Amino acid sequence: MFVFAGVLFSVAGYSQTAADSSRTDIHADPAMYVMLEKRKAVGVKNLKGYRVKIHFGAEKAKANEAKTKFCQKYPDVPASMDYEIPNFSITVGNYRSRLEAYKFYKEVQVDFPNAFIVEMKIDFPDLTVKKEDTATQDPKPAEKKENK
């Protein structure tokens, strides 16, 4: 399953627009859409990635306080509370690479100086698929003609 995600993000070309940095356009082979539909059908909801841990401690009230503070400052970044006896931890973001996580870590470090990056399962990015018109595209690149 993780191979699919790696193929999707390494083979597919993607770009972000300046007006809407939360939107990602993926231009891929039509077979990628078939694979994406199969992944959705199986119900895989997470993959290996990185998050930033902003709080770790035994007091639930302090964990809730940290999460509230974070959500007020970064409303568009997902935050979750996990409980592993006896500690509560707050992790934020869903990053596919350590570099992406590091960029956000540096931003968050001002308000949460004890933050650090952790490798864990992250939520699969919400992808809305808009299929391109494949009838107008030539499936094979034009072959070069040899001059004799």
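How many of the nine residues of strand β5 (residues 87–95) are buried? I looked this up and found eight of the nine buried, so named when under 20% of the relative accessible area is left (exposed means over 50%, partly exposed in between, with a 1.4 Å probe and protein chains only). Strands here are DSSP runs of E of at least two residues, and helices are runs of H or I of at least four, both numbered from the N terminus.

I noted that this is a predicted model, in which local features need pLDDT of at least 70 and side-chain atom pairs count only at pLDDT 80 or more, while totals for chains, interfaces and linings use all residues. Residues are numbered from 1 along each chain as its sequence is written, and side-chain values use heavy atoms, without hydrogens and water.

Next I followed β5 to its partner: strand β4 (residues 79–84) pairs with β5 in the antiparallel sense over six bridges (pairing requires at least two DSSP bridges), and a hairpin of two residues joins them. I marked T91 in β5 as the bridge partner of S80.

I then turned to the largest nonpolar core, which has 20 residues, with V52, I54, F70, V92, F104 and V108 having the most contacts inside it; such a core is a set of buried Ala, Val, Leu, Ile, Met, Phe, Trp, Tyr and Cys residues joined through side-chain atoms within 4.5 Å. At least two of its residues come from each of β3 (46–57), α3 (60–73), β5 and α4 (98–108).

Last, I checked α4, where A101, F104, Y105 and V108 are buried, whereas L99 and K103 are exposed on the face turned away from the buried side.
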